[in-house]
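Please study the sequence and the structure shown below before attempting the exercises. Each task is followed by a solution that proceeds step by step.

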Amino acid sequence: MLRAAQRWGLVLSASLLLASGHARAQQPVDIELLLAVDSSTSIDRNEFDQQLHGLAEAFRSPLVGIAIEALSPRGGVAVALMQWSGSQEQHLSAPWRLLQSREDALAFADYLDATPRFIQGGSTAIGEALRVGLISLDSNLYAGQRRVIDVSGDGASNEGDDPAVWRDRLVAAGVTINGLAILNEAPNLLRVYQDQVIGGPQAFAVSAADYEAYGAAIEHKLLQELGPPKFVEGLAAPSAEP
């Protein structure tokens, strides 16, 4: 039986062939947003569930729903979820879908809550997560005015390519990489993300002190990425360094 990462690689290869023949059929959207969540060994079952539940609750937020609806005239938001850990372990766990309304956001939240953990541990290979993320952006059925990968995790890269190498390649391809550093095991991780992971137009990183704080941090992060309406600009942000 093929491992999850191998199956994902085959799916990506097929998608790339499809995309190369149908590039003009891509649907225009305001933003393509790939949510890349850490599934490495440092994250136990409860912590992983807190990540996905935090994401789900963020998409249930009325403010996030309003921000999505504000983008609807420009095509809306194409979003997907990827779990990642080691060099050969990436899984597109929530395939690309279009969000244009609060109802779409709520349906996506329900999907996230029902999504299992496909990768049961492994090393932390952020560079390879970025590489596979770029393939997914290039091979989906959407053409975003903005393309963003949202990386969250609780540790620095310890396997595979230097994340900064792939960061620079993605930035050259027009992709912005933002980060959410969970500081429960690595208090300096925000600085690592700022130095090695994030890049591109208006790139930023925020932190969550622990998994209990993840939901509030990811909600604020989504609002900033989606370009929230004026009335949410004063929303208190989780801790972030300039």
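The exercises that follow concern a predicted model.

**Exercise 1. The overall architecture**

Task: State how many helices and strands the protein chain has, and in what order the elements run.

Solution.
Step 1. The protein chain contains 8 helices and 6 strands.
Step 2. Read from the N terminus, the order of the elements is α-β-α-α-β-β-α-α-β-α-β-α-β-α.
Step 3. The protein chain has 242 residues, and 53% of them count as buried.
Step 4. Among the contacts in the protein chain with a separation of 6 or more, 79% are between residues 24 or more positions apart.

**Exercise 2. A hairpin and an enclosed strand**

Task: Describe how strand 2 and strand 3 are joined and paired, and explain why strand 3 is described as largely enclosed.

Solution.
Step 1. Strand 2 covers residues 77-84, and strand 3 covers residues 90-99.
Step 2. A hairpin of 5 residues leads from strand 2 to strand 3.
Step 3. The two strands pair in the antiparallel sense, over 7 bridges.
Step 4. As one example, Val79 has Arg97 in strand 3 as its bridge partner.
Step 5. Of the 10 residues of strand 3, 7 are buried, and therefore the strand is largely enclosed by the rest of the structure.

**Exercise 3. The nonpolar cores**

Task: Identify which residues of the largest nonpolar core touch the most other members, and list the contacts of Leu35 beyond its neighbours within four places in sequence.

Solution.
Step 1. The largest nonpolar core has 37 residues.
Step 2. Leu35, Leu55 and Phe59 touch the most other members of this core.
Step 3. With its neighbours within four places in sequence left aside, Leu35 is in contact with Leu55, Phe59, Val79, Ala80, Leu81, Met82, Phe108, Asp150 and Leu222.
Step 4. Another core, of 31 residues, lies apart from the largest one; among its members are Leu34, Leu134, Val151 and Leu189.

**Exercise 4. A buried acidic residue**

Task: Determine where Asp38 lies, and which side chain of opposite charge is nearest to Asp38.

Solution.
Step 1. Asp38 belongs to strand 1, which spans residues 27-38.
Step 2. Asp38 is buried, and the nearest side chain of opposite charge is that of Arg117, 6.5 Å away.
Step 3. A salt bridge requires a side-chain nitrogen of Lys or Arg within 4 Å of a carboxyl oxygen of Asp or Glu. Asp38 has no salt bridge.
Step 4. The side chain of Asp38 does make a polar contact of 2.8 Å with the side chain of Ser40.
Step 5. Setting aside neighbours within four places in sequence, the contacts of Asp38 are Ile43, Phe48, Gln51, Trp84, Ser152, Gly153, Asp154 and Gly155.

**Exercise 5. Salt bridges**

Task: State how many salt bridges a search of the whole structure finds, and examine those of Arg60 with Glu57 and with Asp110.

Solution.
Step 1. The search finds 9 salt bridges in the whole structure.
Step 2. In the bridge between Arg60 and Glu57, the closest N and O atoms are 2.6 Å apart. Both residues lie in helix 2 (residues 45-60), separated by 3 residues, about one turn of the helix.
Step 3. Arg60 also forms a salt bridge with Asp110, at 2.9 Å from N to O. This pair links distant parts of the chain, 50 residues apart: Arg60 is in helix 2 and Asp110 is in helix 4 (residues 102-113).
Step 4. Glu57, Arg60, Asp110 and Asp113 are linked in a network of salt bridges.
Step 5. Arg60 counts as partly exposed because its relative accessibility is 22%. Glu57 is likewise partly exposed, at 38%, and Asp110 is partly exposed, at 46%.

**Exercise 6. A salt bridge within helix 8**

Task: Decide whether Glu225 and Lys221 are buried or exposed, and describe the salt bridge that they form.

Solution.
Step 1. Glu225 and Lys221 both lie in helix 8 (residues 214-226), 4 residues apart, about one turn of the helix.
Step 2. Their closest N and O atoms are 3.0 Å apart in the salt bridge.
Step 3. A residue is buried if its relative accessible area is under 20%.
Step 4. Glu225 has a relative accessibility of 3% and so counts as buried. Lys221, at 0%, also counts as buried.

Terms used:
Residues numbered from 1 in each chain as written. Predicted model: local features only at pLDDT ≥ 70, side-chain atom pairs only at ≥ 80, totals over all residues. Heavy atoms only, no water. Buried < 20%, exposed > 50% of the residue type's maximum accessible area, 1.4 Å probe, protein only. Lys, Arg positive; Asp, Glu negative; His and termini not counted. Polar contact = N/O pair within 3.5 Å; in protein donor to acceptor, adjacent residues only side chain to side chain. Contact = heavy atoms within 4.5 Å. Pairing = 2+ DSSP bridges. Core = buried A, V, L, I, M, F, W, Y, C linked by side-chain atoms within 4.5 Å.
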